[in-house]
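Here is a short report on how the parts of one chain are arranged. Follow it with the model in view.

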Amino acid sequence: MYKQIVIIGAGPAGLLLARLLHNRGIECIILENRNEPFLRELNRGGFLEKEIVRTLVEEKASKKILAKGISITQIDIHINGEKHAIPLASTPNKTAIIYDQKNIVADLLESIKADEIPIIFEAKAQRYESLDGDKVKIIYTLDGQLYDINCDYVVGCDGYRGISRRSIPRHAITEKKEELPYAWLEWITEGTPSSAHPIMAFHKTGFAMQIINANQQTRYYLQIKRGTEKDDLPPQKEIWDILEKRLGVQVARGEMFHQKLDYMRSFHTDTMQYKRLMIAGDAAHQVPRLGSKGINMAFKDVILLADAFYHLYKKETNSHLENYTKQCLESHLKTIAYTNFLNQLFHKNEDEIPAKQATDIQQLLTDENKKQEFIQFLIGF
Ligand SMILES: Cc1cc2nc3c(=O)[nH]c(=O)nc-3n(C[C@H](O)[C@H](O)[C@H](O)COP(=O)(O)OP(=O)(O)OC[C@H]3O[C@@H](n4cnc5c(N)ncnc54)[C@H](O)[C@@H]3O)c2cc1C
């Protein structure tokens with residue numbers, strides 16, 4: 001089999017790339033290691049920048065986002081229980097939208113199936129051959145059998161642990177990685193939150209957050225020590241008590257669904273292409289979770305990449321493809337730096353809160369330039 005582009009991975013990045021390529025008349029296929037129900041069940045948040053929302057609508061990638069997504073017009077920052085409101089935008093269509101990954105993936109799958117864009121589930125890419133030849137050969141397994149497929153370019157949208165980044169020779173790639181000293185405990189509870197606006201709480205005992213999701217449930221996040229295991233967690237009542245203390249509000253306690261412990265890392269590579277292999281999304285970068293930039297960055301990569309392939313195949317110029325890494329980095333470095341700053345700012349990293357951290361938090365609330373930078377970061381630089 002031959003396709004112009006083979007996409008490895010049907011996460012948000014791979015699915016949107018397939019949609020964009022198809023819209024531009026470029027042939028592609030997705031190979032995905034997991035089965036479809038697994039992808040549909042992954043329960044992760046999504047806080048989408050306004051330009052990303054516009055693209056999803058214009059490219060017919062999500063039919064339901066405007067109807068089901070929740071426009072965020074204000075963020076409440078609670079400092080040791082005291083509320084400070086930060087308005088994001090005066091009108092809903094000028095701001096970010098909350099629309100969970102589960103919903104995004106479901107909409108993308110629906111749009112891909114409607115147009116019969118090929119996708120093979122439970123197909124695991126094993127290795128790439130002839131990356132420096134005229135065509136790449138991808139070897140993959142399906143039902144215990146080996147298969148291959150040829151293409152002009154392979155795009156690794158296969159996440160942080162995928163094979164694509166690791167297929168770039170060590171001498172050709174630079175990586176920056178930091179494991180952060182804290183983790184998050186997160187869960188979902190049925191019913192809407194105590195406030196319509198997301199609450200980000202900085203408390204002397206640690207970070208907490210409350211946010212509605214697109215299914216009218218509430219997501220809660222609590223900073224915990226890195227290394228905490230499920231068995232080390234306090235009883236549920238105590239978890240709710242800690243949450244309320246940090247948020248400074250009473251919440252409607254209920255059953256905790258999708259409870260997860262999540263470690264934080266900051267990682268990115270300056271090398272997003274090697275010969276006929278491109279990488280996008282979490283394969284190339286992972287940012288700490290506060291700010292919800294993972295999915296936005298993944299989408300920005302594939303929007304640039306689809307444009308680069310369009311110029312290659314339809315305008316016969318490969319300059320966009322050659323500039324892919326440079327363009328991505330131009331877009332991402334500011335986001336990565338601000339995400340790291342924000343995460344540092346809101347988490348308790350030492351026994352005593354350093355004076356600089358306390359000053360920076362105050363400035364975020366009082367200095368108009370800092371406030372605007374925060375707003376632009378959330379809505380999209
Ligand atoms: C618990 C958790 C919560 C999160 N919450 C948020 C949030 O609230 N907001 C936010 O913006 N981001 C969040 N993120 C980050 C966000 O999920 C990622 O940034 C996003 O999924 C990246 O999309 P992706 O398509 O690049 O990679 P992924 O979603 O990782 O998809 C990669 C795909 O590649 C497949 N794959 C891997 N190897 C192979 C192979 N060899 N062959 C074939 N297929 C393969 C995988 O099965 C997977 O489906 C969260 C992440 C986690 C872990």
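H7 and H9 are roughly antiparallel to each other, because their angle of about 155° is over the 145 degrees that this label requires. The model is a predicted one. H9 covers residues 324-346, and its axis lies 10 Å from that of H7. The crossing of these two helices is right-handed.

H7 itself covers residues 294-314, which makes 21 residues. From first C-alpha to last, H7 reaches 30 Å. That is close to the 30 Å expected at 1.5 Å a residue. Just after H7 comes glutamate 316, with a positive phi of about 55°.

A second helix pair involves H1 (residues 12-23) and H5 (residues 101-114). Their packing angle is about 30°, so H1 is roughly parallel to H5. H1 passes H5 in a left-handed crossing. The axes of H1 and H5 are 10 Å apart.

H1 also belongs to a right-handed β-α-β unit, together with strands E1 and E2. E1 spans residues 2-8 and runs parallel to E2, with four bridges between them. Within this pairing, isoleucine 7 stands opposite isoleucine 30 of E2.

How many residues of E2 are buried? The count is five of five, so to speak of E2 (residues 28-32) as mostly covered is fair. In a regular strand, side chains alternate between the two faces of the sheet. In E2, Cys28, Ile30 and Glu32 point one way. Ile29 and Leu31 point the other way. Each of these residues is buried.

E2 has a further parallel partner in E8 (residues 119-121), joined by three bridges. Glutamate 32 has phenylalanine 121 of E8 as its bridge partner. Isoleucine 119 also lies in E8. Why does isoleucine 119 count as buried? Isoleucine 119 has 20 C-beta neighbours inside 10 Å, and 20 or more is the cut-off for a buried residue. Its C-alpha is separated by 5.6 Å from that of isoleucine 29, although the two residues are 90 apart along the chain.

Other strands form open sheets. One has three strands in the order E3-E7-E4, with antiparallel pairing. E3 (47-48) and E4 (70-71) stand at its edges, each with a single partner strand, so one side of each lacks a neighbour in the sheet. E4 pairs with E7 (residues 97-98) over two bridges. Here isoleucine 70 stands opposite isoleucine 98 of E7.

Another open sheet has eight strands, and its pairing is mixed. The order is E6-E5-E13-E14-E15-E12-E16-E19. Its edge strands are E6 (82-87) and E19 (285-286), each of which pairs on one side only. Inside this sheet, E13 (residues 199-203) and E14 (residues 206-212) run antiparallel. Phenylalanine 202 stands opposite phenylalanine 207 of E14.

The table sets out the strand pairs described above.

| Strand pair | Sense | Bridges |
|---|---|---|
| E1 and E2 | parallel | four bridges |
| E2 and E8 | parallel | three bridges |
| E4 and E7 | antiparallel | two bridges |
| E13 and E14 | antiparallel | five bridges |

Technical notes. Residues numbered from 1 in each chain as written. Predicted model: local features only at pLDDT ≥ 70, side-chain atom pairs only at ≥ 80, totals over all residues. Expected span 1.5 Å × (residues − 1). Buried ≥ 20, exposed ≤ 12 C-beta atoms within 10 Å, placed from the backbone. Pairing = 2+ DSSP bridges. Right-handed = clockwise from strand over helix to strand, strands pointing away. Axes fitted to C-alpha atoms, helices over the stretch in contact; angles between N-to-C directions. Parallel < 35°, antiparallel > 145°, perpendicular 65-115°, else oblique. Left-handed = near helix turned anticlockwise from the far one by under 90°.
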